[in-house]
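Me: Hi! I'm new to this one and would like a friendly walk through it. Could you start with whatever I need to know about charged pairs?

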Amino acid sequence: MAEALRASALAARSPVWPKVLAAASIAAVVLRGAAGGWRHWSGREQPQATQVAALPQFVTRVGERRAVTLPDGTRLDLDSDTRVDVALTARRAARS
């Protein structure tokens, strides 16, 4: 009788590995998300190269329109009352 109770108690116990695997999967997803967020917010995805060329601001007044071609071939069409700051780097152009 004691053997039967022990066997039924062991059989009723759920295996631990599925829970461990689920917890490890959740931890991996959280860590990957945290690493991606840190990489994005720390600025690693922004150009790290030194600035190659600094161009002046391009400004138009109210009612004025202007077309500008940058040294890298980029064309800017400025409409009325616009301001553009441009900085060219060795890796890519950063515009604001």
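Reply: Happy to. A salt bridge here is a side-chain nitrogen of Lys or Arg within 4 Å of a carboxyl oxygen of Asp or Glu. Arg 75 and Asp 77 fit that, with their closest N and O atoms 2.9 Å apart. Please keep in mind that this is a predicted model.

Me: Are Arg 75 and Asp 77 buried or exposed?

Reply: Both of them are exposed. They sit on the uncovered face of strand S4, residues 75-78, while Leu 76 and Leu 78 make up the covered face.

Me: How many salt bridges does the structure hold?

Reply: It holds 3. One of them joins Asp 79 to Arg 65, with the closest N and O atoms 3.7 Å apart. Asp 79 is in the loop between S4 and strand S5, and Arg 65 is in the loop between strand S2 and S3, so this pair ties together parts 14 residues apart in sequence.

Me: And how exposed is Asp 79?

Reply: Asp 79 is partly exposed, at 45% relative accessible area. Its partner Arg 65 counts as exposed, at 69%.

Me: What about Arg 83, who does its side chain meet?

Reply: Arg 83 meets Asp 85 in a salt bridge, at 3.1 Å from N to O. Arg 83 is exposed with a relative accessible area of 53%, whereas Asp 85 is partly exposed at 23%.

Me: Why do such side chains pair up at all?

Reply: Side chains of opposite charge can pair when their charged atoms come close.

Me: OK, new topic. Which strand is joined to S4 by bridges?

Reply: That would be strand S3, residues 66-69, which runs antiparallel to S4 and is joined to it by 4 bridges. Thr 69 stands opposite Arg 75 in this pairing, and Arg 75 is the residue that also forms the salt bridge with Asp 77.

Me: What happens between the two strands of that hairpin?

Reply: There are 5 residues between S3 and S4, and Gly 73 takes a positive phi near 95 degrees in this hairpin.

Me: Back to the covered face of S4. Which residues make up the largest nonpolar core?

Reply: It has 8 residues: Phe 58, Val 68, Leu 70, Leu 76, Leu 78, Val 84, Val 86 and Leu 88. S4 and strand S6 each supply at least two of them. In soluble globular proteins, nonpolar side chains tend to be buried together.

Me: Which nonpolar residues form a patch on the surface?

Reply: Val 16, Trp 17 and Val 20 do, with about 360 Å² of accessible area together. Val 20 belongs to helix H2, which covers residues 17-41. With a relative accessible area of 38%, Val 20 counts as partly exposed.

Me: Let me zoom out. How many helices and strands are in the chain?

Reply: The chain has 2 helices and 7 strands. Along the sequence they follow the pattern α-α-β-β-β-β-β-β-β.

Me: What share of the chain do buried residues make up?

Reply: They make up 11% of its 96 residues. The accessible surface comes to about 8,000 Å², and 59% of that belongs to carbon and sulfur atoms.

Me: Last one: what part do residues far along the sequence play in the contacts?

Reply: Of the contacts with a separation of 6 or more, 37% come from residues 24 or more positions apart.

Technical notes. Residues numbered from 1 in each chain as written. Predicted model: local features only at pLDDT ≥ 70, side-chain atom pairs only at ≥ 80, totals over all residues. Heavy atoms only, no water. Buried < 20%, exposed > 50% of the residue type's maximum accessible area, 1.4 Å probe, protein only. Pairing = 2+ DSSP bridges. Patch = residues over 30% accessible without salt bridge, like charges linked within 9 Å, V, L, I, M, F, W, Y side chains within 5 Å. Areas by Shrake-Rupley, 256 points an atom, 1.4 Å probe, with all protein chains shown as cover. Core = buried A, V, L, I, M, F, W, Y, C linked by side-chain atoms within 4.5 Å. Contact = heavy atoms within 4.5 Å.
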